[in-house]
Amino acid sequence: MRAVLVVNPYASRVTEARLAAVERELARVVELTIVRSEYHGHATELVTAACREGCDVLVVFSGDGGFNEALNGLEGDVPIGFLPGGGTSVLPRALGLPAEPLAAAVRLAESIEQWRTRRISLGRVNGRRFAFNAGIGIDAEAVRRVDEMGRRADGKRPGDLAFIMAVVRALASRGGHVEPVLEVKGLGRAASAFVANAAPYTYAKRLALPIAPEAAFELGLDVVAPIRVRRRSLVRTSWAVLLGHPRYANALYAHDVDRIEIFCDHPMPLHADGEDLGDVEHAIFEAERSAVEVFV
(Lines give C-alpha, C1' and ligand atoms only; values in the text may rest on other atoms or scores of the structure.)
Protein backbone atom coordinates (compact mmCIF):
# COMPACT_ATOMS: atom_id res chain seq x y z
CA MET A 1 0.00 0.00 0.00
CA ARG A 2 1.13 3.52 -0.75
CA ALA A 3 1.02 5.84 2.24
CA VAL A 4 1.83 9.53 2.61
CA LEU A 5 3.07 10.83 5.97
CA VAL A 6 2.40 14.56 6.37
CA VAL A 7 4.72 16.04 9.00
CA ASN A 8 4.57 19.43 10.69
CA PRO A 9 8.22 19.97 11.71
CA TYR A 10 7.22 22.91 13.92
CA ALA A 11 4.83 20.93 16.13
CA SER A 12 5.89 20.85 19.79
CA ARG A 13 6.89 17.19 19.97
CA VAL A 14 8.15 16.59 16.43
CA THR A 15 11.91 16.05 16.29
CA GLU A 16 14.15 14.44 13.67
CA ALA A 17 14.80 11.51 16.01
CA ARG A 18 11.09 10.91 16.59
CA LEU A 19 10.34 11.27 12.91
CA ALA A 20 12.98 8.65 12.07
CA ALA A 21 11.47 6.25 14.62
CA VAL A 22 7.95 6.87 13.28
CA GLU A 23 9.18 6.31 9.73
CA ARG A 24 10.73 2.96 10.67
CA GLU A 25 7.49 1.72 12.22
CA LEU A 26 5.23 2.77 9.35
CA ALA A 27 7.63 1.59 6.63
CA ARG A 28 7.24 -1.96 7.95
CA VAL A 29 3.68 -2.09 6.62
CA VAL A 30 3.43 0.50 3.81
CA GLU A 31 5.41 2.06 1.00
CA LEU A 32 5.97 5.44 2.66
CA THR A 33 6.43 8.93 1.24
CA ILE A 34 7.15 11.78 3.67
CA VAL A 35 6.14 15.37 2.98
CA ARG A 36 6.60 18.35 5.32
CA SER A 37 4.30 21.29 5.78
CA GLU A 38 6.08 24.64 5.55
CA TYR A 39 3.42 27.29 6.20
CA HIS A 40 -0.10 27.82 7.48
CA GLY A 41 -2.54 25.91 5.30
CA HIS A 42 0.17 23.84 3.61
CA ALA A 43 -1.01 20.55 5.15
CA THR A 44 -4.39 21.06 3.47
CA GLU A 45 -2.65 21.39 0.10
CA LEU A 46 -0.40 18.37 0.74
CA VAL A 47 -3.30 16.13 1.73
CA THR A 48 -5.39 17.17 -1.28
CA ALA A 49 -2.46 16.47 -3.59
CA ALA A 50 -1.87 13.04 -2.00
CA CYS A 51 -5.55 12.10 -2.44
CA ARG A 52 -5.55 13.17 -6.08
CA GLU A 53 -2.35 11.20 -6.74
CA GLY A 54 -4.04 8.03 -5.51
CA CYS A 55 -2.47 7.24 -2.14
CA ASP A 56 -4.05 4.39 -0.19
CA VAL A 57 -3.38 5.69 3.33
CA LEU A 58 -2.71 9.08 4.91
CA VAL A 59 -0.94 9.66 8.23
CA VAL A 60 -0.43 13.06 9.87
CA PHE A 61 2.30 13.67 12.47
CA SER A 62 1.46 17.06 13.90
CA GLY A 63 -0.51 18.93 16.50
CA ASP A 64 -4.23 19.57 16.35
CA GLY A 65 -3.84 22.50 13.95
CA GLY A 66 -2.17 20.22 11.41
CA PHE A 67 -4.84 17.56 11.89
CA ASN A 68 -7.50 20.19 11.22
CA GLU A 69 -5.75 21.32 8.05
CA ALA A 70 -5.44 17.71 6.88
CA LEU A 71 -9.14 17.01 7.38
CA ASN A 72 -9.97 20.11 5.36
CA GLY A 73 -7.82 18.83 2.50
CA LEU A 74 -9.15 15.26 2.51
CA GLU A 75 -10.86 14.15 -0.69
CA GLY A 76 -12.61 10.90 -1.51
CA ASP A 77 -12.61 8.22 1.15
CA VAL A 78 -8.90 7.82 1.88
CA PRO A 79 -8.44 6.47 5.43
CA ILE A 80 -6.32 8.61 7.71
CA GLY A 81 -4.33 8.21 10.92
CA PHE A 82 -3.10 10.77 13.42
CA LEU A 83 0.17 10.76 15.38
CA PRO A 84 0.44 13.08 18.40
CA GLY A 85 3.12 15.67 17.62
CA GLY A 86 1.62 18.64 19.45
CA GLY A 87 1.65 19.66 23.07
CA THR A 88 -1.98 18.59 23.57
CA SER A 89 -2.89 16.49 20.49
CA VAL A 90 -6.53 16.11 21.46
CA LEU A 91 -7.65 14.20 18.36
CA PRO A 92 -5.46 11.05 18.54
CA ARG A 93 -5.87 10.87 22.32
CA ALA A 94 -9.66 11.18 22.03
CA LEU A 95 -9.53 8.34 19.48
CA GLY A 96 -7.77 6.18 22.07
CA LEU A 97 -4.21 6.30 20.72
CA PRO A 98 -1.22 6.60 23.07
CA ALA A 99 -0.07 10.14 23.86
CA GLU A 100 3.59 9.28 23.15
CA PRO A 101 4.45 9.56 19.42
CA LEU A 102 6.45 6.33 19.01
CA ALA A 103 3.93 4.24 20.94
CA ALA A 104 1.20 5.76 18.78
CA ALA A 105 3.20 4.90 15.64
CA VAL A 106 3.51 1.25 16.74
CA ARG A 107 -0.24 1.14 17.33
CA LEU A 108 -0.98 2.86 14.03
CA ALA A 109 1.24 0.49 12.04
CA GLU A 110 -0.66 -2.45 13.55
CA SER A 111 -3.96 -0.75 12.73
CA ILE A 112 -2.94 -0.26 9.10
CA GLU A 113 -1.65 -3.82 8.80
CA GLN A 114 -4.88 -5.22 10.28
CA TRP A 115 -7.03 -2.51 8.66
CA ARG A 116 -8.51 -1.58 12.04
CA THR A 117 -10.60 1.51 11.36
CA ARG A 118 -13.51 3.51 12.71
CA ARG A 119 -15.85 5.87 10.90
CA ILE A 120 -16.30 9.18 12.68
CA SER A 121 -18.40 12.26 12.17
CA LEU A 122 -16.92 15.71 11.76
CA GLY A 123 -18.26 19.17 12.43
CA ARG A 124 -18.33 22.17 10.12
CA VAL A 125 -18.51 25.80 11.10
CA ASN A 126 -19.18 28.26 8.28
CA GLY A 127 -17.86 25.59 5.93
CA ARG A 128 -14.65 24.80 7.87
CA ARG A 129 -14.30 21.23 9.10
CA PHE A 130 -13.35 20.47 12.70
CA ALA A 131 -12.65 17.17 14.41
CA PHE A 132 -13.41 17.62 18.10
CA ASN A 133 -14.33 21.17 19.14
CA ALA A 134 -15.20 24.68 18.09
CA GLY A 135 -16.45 27.71 19.91
CA ILE A 136 -17.39 31.36 20.05
CA GLY A 137 -16.40 33.65 22.90
CA ILE A 138 -14.02 33.05 25.81
CA ASP A 139 -12.25 29.91 24.59
CA ALA A 140 -11.85 31.35 21.07
CA GLU A 141 -10.44 34.55 22.59
CA ALA A 142 -7.99 32.42 24.61
CA VAL A 143 -6.86 30.69 21.40
CA ARG A 144 -6.18 34.09 19.88
CA ARG A 145 -4.26 35.30 22.91
CA VAL A 146 -2.00 32.22 22.75
CA ASP A 147 -1.41 32.81 19.03
CA GLU A 148 -0.44 36.40 19.79
CA MET A 149 2.29 35.13 22.12
CA GLY A 150 4.03 33.87 18.99
CA ARG A 151 6.36 30.90 18.80
CA ARG A 152 9.57 30.13 20.63
CA ALA A 153 12.94 30.33 18.88
CA ASP A 154 12.55 26.67 17.84
CA GLY A 155 9.19 27.39 16.20
CA LYS A 156 7.11 25.62 18.87
CA ARG A 157 3.83 27.05 20.19
CA PRO A 158 3.16 27.71 23.89
CA GLY A 159 1.62 24.77 25.76
CA ASP A 160 -1.41 24.00 27.94
CA LEU A 161 -0.42 26.36 30.77
CA ALA A 162 -0.32 29.29 28.35
CA PHE A 163 -3.85 28.48 27.19
CA ILE A 164 -5.19 28.23 30.75
CA MET A 165 -3.57 31.57 31.61
CA ALA A 166 -5.09 33.07 28.47
CA VAL A 167 -8.55 32.01 29.63
CA VAL A 168 -7.86 33.59 33.03
CA ARG A 169 -6.72 36.84 31.39
CA ALA A 170 -9.75 36.90 29.09
CA LEU A 171 -12.05 36.65 32.10
CA ALA A 172 -9.98 39.10 34.15
CA SER A 173 -10.22 41.68 31.37
CA ARG A 174 -13.98 41.64 31.94
CA GLY A 175 -13.69 41.76 35.70
CA GLY A 176 -14.82 38.14 35.89
CA HIS A 177 -18.27 39.14 34.64
CA VAL A 178 -19.72 38.21 31.24
CA GLU A 179 -23.31 38.94 30.26
CA PRO A 180 -25.20 37.19 27.44
CA VAL A 181 -23.82 38.46 24.12
CA LEU A 182 -25.05 35.87 21.64
CA GLU A 183 -28.19 33.95 20.69
CA VAL A 184 -28.20 30.19 20.16
CA LYS A 185 -31.16 29.75 17.83
CA GLY A 186 -33.91 27.73 19.48
CA LEU A 187 -32.18 27.64 22.88
CA GLY A 188 -31.72 31.23 24.07
CA ARG A 189 -29.10 33.83 24.93
CA ALA A 190 -25.70 33.03 26.37
CA ALA A 191 -22.29 34.50 27.19
CA SER A 192 -20.21 32.01 25.19
CA ALA A 193 -20.66 28.76 23.27
CA PHE A 194 -18.69 25.52 23.25
CA VAL A 195 -19.51 23.11 20.39
CA ALA A 196 -18.26 19.53 20.77
CA ASN A 197 -17.95 16.66 18.33
CA ALA A 198 -16.37 14.36 20.93
CA ALA A 199 -15.55 13.95 24.59
CA PRO A 200 -13.22 15.08 25.97
CA TYR A 201 -13.45 18.59 24.57
CA THR A 202 -9.76 19.12 25.36
CA TYR A 203 -7.05 18.20 27.86
CA ALA A 204 -5.06 20.10 30.46
CA LYS A 205 -1.92 17.94 30.54
CA ARG A 206 -3.28 14.51 31.58
CA LEU A 207 -6.62 15.84 32.82
CA ALA A 208 -9.46 15.29 30.35
CA LEU A 209 -11.95 18.18 30.25
CA PRO A 210 -15.24 16.77 28.90
CA ILE A 211 -17.40 19.95 28.82
CA ALA A 212 -19.99 18.02 26.76
CA PRO A 213 -19.64 14.49 28.22
CA GLU A 214 -22.31 12.90 26.00
CA ALA A 215 -20.64 14.02 22.76
CA ALA A 216 -19.25 11.20 20.62
CA PHE A 217 -17.50 10.84 17.28
CA GLU A 218 -20.35 8.68 15.96
CA LEU A 219 -23.06 11.24 16.77
CA GLY A 220 -23.98 14.79 15.81
CA LEU A 221 -22.85 17.92 17.64
CA ASP A 222 -23.34 19.01 21.25
CA VAL A 223 -23.44 22.61 22.42
CA VAL A 224 -22.84 23.96 25.93
CA ALA A 225 -23.46 27.69 26.29
CA PRO A 226 -23.09 29.30 29.75
CA ILE A 227 -25.84 31.89 30.06
CA ARG A 228 -23.71 34.35 32.04
CA VAL A 229 -20.58 34.47 34.17
CA ARG A 230 -20.58 36.40 37.43
CA ARG A 231 -17.70 37.15 39.77
CA ARG A 232 -19.32 35.49 42.76
CA SER A 233 -19.97 32.25 40.86
CA LEU A 234 -16.96 32.29 38.53
CA VAL A 235 -15.12 29.33 40.08
CA ARG A 236 -18.25 27.18 40.39
CA THR A 237 -19.39 27.95 36.85
CA SER A 238 -15.95 27.33 35.38
CA TRP A 239 -15.49 23.97 37.04
CA ALA A 240 -19.04 22.85 36.23
CA VAL A 241 -18.46 23.64 32.55
CA LEU A 242 -14.96 22.17 32.32
CA LEU A 243 -15.82 18.96 34.15
CA GLY A 244 -18.90 18.34 32.05
CA HIS A 245 -21.84 19.34 34.24
CA PRO A 246 -23.55 21.96 32.06
CA ARG A 247 -26.84 21.87 33.96
CA TYR A 248 -25.04 22.89 37.15
CA ALA A 249 -23.34 25.73 35.30
CA ASN A 250 -26.57 27.51 34.34
CA ALA A 251 -25.84 26.72 30.70
CA LEU A 252 -27.90 26.05 27.59
CA TYR A 253 -27.38 22.51 26.34
CA ALA A 254 -28.25 20.42 23.29
CA HIS A 255 -27.08 16.90 22.41
CA ASP A 256 -26.59 15.08 19.09
CA VAL A 257 -27.88 17.79 16.77
CA ASP A 258 -27.23 18.33 13.07
CA ARG A 259 -27.26 22.12 13.05
CA ILE A 260 -26.53 24.91 15.52
CA GLU A 261 -26.97 28.52 14.48
CA ILE A 262 -25.54 31.36 16.55
CA PHE A 263 -26.04 35.12 16.18
CA CYS A 264 -23.64 37.45 18.02
CA ASP A 265 -24.49 40.96 19.27
CA HIS A 266 -21.15 42.13 17.83
CA PRO A 267 -18.21 40.45 16.05
CA MET A 268 -16.76 37.74 18.31
CA PRO A 269 -13.79 35.36 18.03
CA LEU A 270 -14.46 31.93 16.50
CA HIS A 271 -12.17 28.90 16.59
CA ALA A 272 -12.20 25.33 15.27
CA ASP A 273 -9.89 22.70 16.79
CA GLY A 274 -7.88 25.54 18.35
CA GLU A 275 -7.45 27.40 15.05
CA ASP A 276 -8.44 31.08 15.09
CA LEU A 277 -11.02 31.70 12.35
CA GLY A 278 -11.38 35.44 12.96
CA ASP A 279 -14.38 37.42 14.22
CA VAL A 280 -17.93 36.55 13.22
CA GLU A 281 -21.42 37.83 13.89
CA HIS A 282 -23.12 34.70 12.57
CA ALA A 283 -21.98 31.07 12.70
CA ILE A 284 -23.60 27.90 11.41
CA PHE A 285 -22.31 24.65 12.88
CA GLU A 286 -23.26 21.45 11.03
CA ALA A 287 -22.65 17.76 11.67
CA GLU A 288 -21.06 15.79 8.85
CA ARG A 289 -22.06 12.31 9.98
CA SER A 290 -19.88 9.27 9.25
CA ALA A 291 -17.56 11.53 7.27
CA VAL A 292 -14.11 9.95 7.61
CA GLU A 293 -12.51 6.53 8.08
CA VAL A 294 -9.73 6.72 10.68
CA PHE A 295 -7.19 4.20 11.96
CA VAL A 296 -7.48 3.39 15.66
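**Exercise 1. Classify the surroundings of Arg-116: buried, partly exposed or exposed?**

Step 1. Arg-116 has a relative accessibility of 27%. The classes are buried for under 20% relative accessible area, exposed for over 50% and partly exposed in between, with a 1.4 Å probe and protein chains only. Arg-116 therefore counts as partly exposed.

Step 2. Place the residue in the fold. Arg-116 sits in the loop between α5 (101-114) and β5. Helices (H or I, at least four residues) and strands (E, at least two) are DSSP runs, numbered from the N terminus.

Step 3. List its neighbours. Leaving out residues up to four places away in sequence, Arg-116 touches Arg-107, Glu-110, Ser-111, Val-294, Phe-295 and Val-296. Contact means heavy atoms within 4.5 Å.

Step 4. Compare sequence and space. Arg-116 and Arg-145 are separated by 29 residues in sequence and, C-alpha to C-alpha, by 39 Å in space.

The model is predicted: local features need pLDDT of at least 70 and side-chain atom pairs count only at pLDDT 80 or more, while totals for chains, interfaces and linings use all residues. Residues are numbered from 1 along each chain as its sequence is written, and side-chain values use heavy atoms, with hydrogens and water left out.

**Exercise 2. Describe the overall dimensions and make-up of the protein chain.**

Step 1. Count the elements. The protein chain has eight helices and 16 strands.

Step 2. Check the radius of gyration. This is taken over C-alpha atoms, and the globule rule is 2.2 Å times the number of residues to the power 0.38. For 296 residues a compact globule would have a value near 19 Å, and the protein chain has 19 Å, which agrees.

Step 3. Read off the extents. The C-alpha trace spans about 55 × 40 × 30 Å along its principal axes.

Step 4. Assess burial and contacts. Of the 296 residues, 56% count as buried. Among contacts with a separation of 6 or more, 72% come from residues 24 or more positions apart.

Step 5. Look at the surface. The protein chain exposes about 12500 Å², of which carbon and sulfur atoms supply 52%. Accessible areas come from the Shrake-Rupley method with a 1.4 Å probe; for residues, only the protein chains shown count as cover.

Step 6. Locate the charges. The mean positions of the 35 positive and 38 negative charges lie 7 Å apart. Lys and Arg count as positive and Asp and Glu as negative, without His and the chain ends; each charge is placed at NZ of Lys, CZ of Arg, CG of Asp or CD of Glu.

**Exercise 3. Why is helix α2 described as largely enclosed?**

Step 1. Count the buried residues. Helix α2 (residues 42-52) has 11 residues, and eight of them are buried, so the helix is largely enclosed by the rest of the structure.

Step 2. Name them. They are His-42, Ala-43, Thr-44, Leu-46, Val-47, Thr-48, Ala-50 and Cys-51.

Step 3. Find their packing partners. The buried residues of α2 pack against β1 (2-7), β2 (31-36), β3 (57-62) and α3 (64-73).

Step 4. Examine one partner. In α3, nine of the 10 residues are buried, including Phe-67, Asn-68 and Leu-71.

Step 5. Look just past the end of α2. There Gly-54 takes a positive phi of about 90°.

**Exercise 4. How many disulfides does the structure hold?**

Step 1. Apply the criterion, a pair of cysteine sulfur atoms within 2.5 Å. The structure holds zero disulfides.

Step 2. Test Cys-55. The nearest cysteine sulfur belongs to Cys-51 and is 5.3 Å away, and Cys-55 is in no disulfide.

Step 3. Check accessibility. Cys-55 counts as buried at 11% relative accessibility, and Cys-264 counts as buried at 9%.

**Exercise 5. Locate the backbone features at Asn-126, Ser-290 and Pro-200.**

Step 1. Asn-126 is not a glycine, yet its phi is near 50°, a positive value. Asn-126 is in the loop between β5 (117-125) and β6 (128-130) and is partly exposed at 43%.

Step 2. Ser-290 also has a positive phi near 50°. Ser-290 belongs to strand β16 (residues 275-295), and its relative accessible area of 41% makes it partly exposed.

Step 3. Ala-199 and Pro-200 are joined by a cis peptide bond with omega about 5°. Pro-200 lies in the loop between β10 (193-196) and β11 (202-204).

Step 4. Continue into β11. Thr-202 is in this strand and counts as buried at 19% relative accessibility. Its contacts beyond four places in sequence are Thr-88, Val-90, Asn-133, Leu-207, Ala-208 and Leu-209.
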